[in-house]
Amino acid sequence: MNRKKIKSEQDKQNNSFGFNIKDAFSLKPRIEIFDNTSAVIDGSCGVLEYSETVIRVSLGELSLKLCGRGLTLKCISPTSLIVGGFIKSVEYIM
Amino acid sequence: MFLNLIRWFRGFVVFEIMGRFPERFINLSTRQGHFVLFSRPRKDNFTAALLLCDYRTIRPIARKSGVRLKVRERHGLPFLLGKYKARCGLLIGLLLFLIITVFMQSFVWTIEFSGLTTISQSTLKEALAEEGVFVGAFKPTLDLSAVQRKIMKNIDEVGWMSVNIIGTKAEVEVKEKELKPHILEANVPCNIKAGMDGLILSMNTKYGKAVVSSGSAVIKGSLLVSAVVENPSGDVSIVHADAKVMAQTQRTKSFVLERKGVFDKPTDEASRYRLRAFWLEFPITATSVKQSYTSRFETKSVFLNNTEMPISVTVEHCSRFSPNIYSLSQSEAQGIFAVEDYLYRLFSLSECESINAQRHYAETDSFYSMDVLYECEEDIAVYENLVVN
């Protein structure tokens, strides 16, 4: 009975695309990585470090460090950015 | 693609960021709404691009973030225009070209005719010009349906016509009236008489009673076919006689030429050129010609892709005629006689089926002469209405 209740609550939160609507509208940073060639970071607070091998992005309480080679900022706006290049690792720094 | 086009129109600058905190510069400029494009880190510095309008206001941010900016490349329309700022004539020329091109499309450049067989093109051209359709006419003022109506009313030979303006070309399509066929007035009784002296070769009588037969010699005015026909029952009726009467006839023609004479020979010739563009006509050469000169005009139009342009050059051949004494030799006289003979056959004996000519040349001290006897085969039937008192 308890399981059924939990599942129905989850169904209410998820839409037909299978993601949580609550998460979509939250102010938390959102990171999408496509293969290892680009990453979309939404909710960034600024670029902390920018070089061909390392891009460090401030996400408020934590920062995100992308390592790789030939990294570039394809597009940048006050709250989001797109990183292109060959991404080798993703690291969260508290 | 579309974004690149917008960037090109607005203009953008590729610049180098040198200093300690290029990241800060990127953050600050992004927060202020100046979006850095194509940023690329290098070993010692960065390269980035900004729209021209953003780059002009970004100096304080650079100063604040402790970086130096150095322009490497400039792209886009504002720089292209700036490059040609000193040559504003080019831009004016381009604008004038566009204006003139659009403006000139409002005029009729050429007139093309189709369907003309008996009506001369110049007659129709004159009629169109009277109604306002000519090379250089302003298209919006033309009332084509009124032009069509008026021309169809004024020129009897025009059965139907349409004037279509396609682009700058006026296409005039004409359908001429069919000529009314000769209808035999069968109700009017008439005889057939001989139109000239001759020897009857054959007779093809459709209506009426043949009075003469093949082999008969007739003189002009002789009755050939009578309109009065007697039926086998003995009744008499009057009909409209119809027959084709072929006869051998003879005609004589004398051609005479003076041995010596005076003719006007063109001397002191000069040419004047005039350029005509649309309705404007102005001289190209400054040749002066006296009023006593006689002029002959020759117009050469400019063609482009088999389309006549509204530009033409008119050459005026001016010459003064002065009397000149000539003396004809016998061979020259015979040549002229041959031409005159040919023209006489062509225009005066056009209805004869076969012609046999016997020429006799003669010459005196002052004249050359040629007497020709033409033996022709022709229809000598002449219809003469029968008057019954």
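These are my notebook entries on a predicted model with chains A and B.

**Entry 1: chain B, overall form**

I began with the dimensions of chain B. Its C-alpha atoms fill a box of roughly 135 × 70 × 40 Å along the principal axes. I then looked up the radius of gyration, which is 44 Å for chain B. A compact globule of 389 residues would come out near 21 Å.

Next I took the domain division. Chain B has domain 1 at 2–82 and domain 2 at 110–176. Domain 3 follows at 190–249, and domain 4 at 260–326. I checked one pair of centres, again over C-alpha atoms: domain 1 and domain 2 of chain B are 65 Å apart.

**Entry 2: chain B, content and surface**

I counted secondary structure in chain B and noted nine helices and 22 strands. How much of chain B counts as buried? The figure is 30% of the 389 residues.

I also looked at contacts with a separation of 6 or more. In chain B, 67% of these are between residues 24 or more positions apart. The exposed area of chain B is about 25,400 Å², and carbon and sulfur atoms supply 55% of that.

Charges came last. I found 47 positive and 42 negative charges in chain B. Their mean positions lie 27 Å apart.

**Entry 3: Leu37(B)**

I picked Leu37(B), which sits in strand 2 of chain B, residues 37–41. Is Leu37(B) buried or exposed? Its relative accessible area is 14%, and the cut-off for buried is under 20%, so Leu37(B) is buried.

I listed its contacts, leaving out residues up to four places away in sequence. Leu37(B) touches Arg7(B), Ala48(B) and Ala49(B). I also took one C-alpha distance: Leu37(B) and Val13(B) are 24 residues apart along the chain and 9.7 Å apart in space.

**Entry 4: helix 8 of chain B**

I moved to helix 8, residues 144–154 of chain B. Which of its residues are buried? They are Ala146(B), Val147(B), Gln148(B) and Ile151(B). I recalled the helix rule here: with 3.6 residues a turn, residues three or four places apart point the same way.

I then asked what these buried residues pack against. The partners in chain B are helix 7 (121–130) and strand 6 (158–166).

**Entry 5: chain A, overall form**

Chain A has 94 residues, and buried ones make up 27% of them. I noted two helices and six strands. Along the sequence the pattern reads α-α-β-β-β-β-β-β, with the helices ahead of the strands.

For contacts between residues at least 6 apart in sequence, 38% in chain A join residues at least 24 apart. Chain A exposes about 6,400 Å², with 54% supplied by carbon and sulfur atoms.

**Entry 6: strand 2 of chain A and the loop before it**

I looked up Ser38(A), which lies in strand 2 of chain A, residues 38–42. At a relative accessible area of 13%, Ser38(A) is buried. Not counting residues up to four places away in sequence, its contacts include Glu32(A), Ile33(A) and Lys74(A). Val83(A), Gly84(A), Gly85(A) and Ile87(A) are also on the list for Ser38(A).

Asp35(A) caught my eye for its backbone. Its phi is near 50°, a positive value in a residue other than glycine. Where does Asp35(A) sit? I found Asp35(A) in the loop between strand 1 (30–34) and strand 2 of chain A. Its relative accessible area is 67%, over the 50% cut-off, so Asp35(A) counts as exposed.

Key. Residues are numbered from 1 along each chain as its sequence is written. Chains are lettered from A and ligands numbered from 1 in the order in which they are written. This is a predicted model: local features need pLDDT of at least 70, side-chain atom pairs count only at pLDDT 80 or more; totals for chains, interfaces and linings use all residues. Side-chain values use heavy atoms; hydrogens and water are left out. Domain bounds come from an automatic or database domain assignment. Helices (H or I, at least four residues) and strands (E, at least two) are DSSP runs, numbered from the N terminus. The radius of gyration is taken over C-alpha atoms; the globule rule is 2.2 Å times the number of residues to the power 0.38. Buried means under 20% relative accessible area, exposed over 50%, partly exposed in between (1.4 Å probe, protein chains only). Contact means heavy atoms within 4.5 Å. Accessible areas come from the Shrake-Rupley method with a 1.4 Å probe; for residues, only the protein chains shown count as cover. Lys and Arg count as positive and Asp and Glu as negative; His and the chain ends are not counted. The place of a charge is taken as NZ of Lys, CZ of Arg, CG of Asp or CD of Glu.
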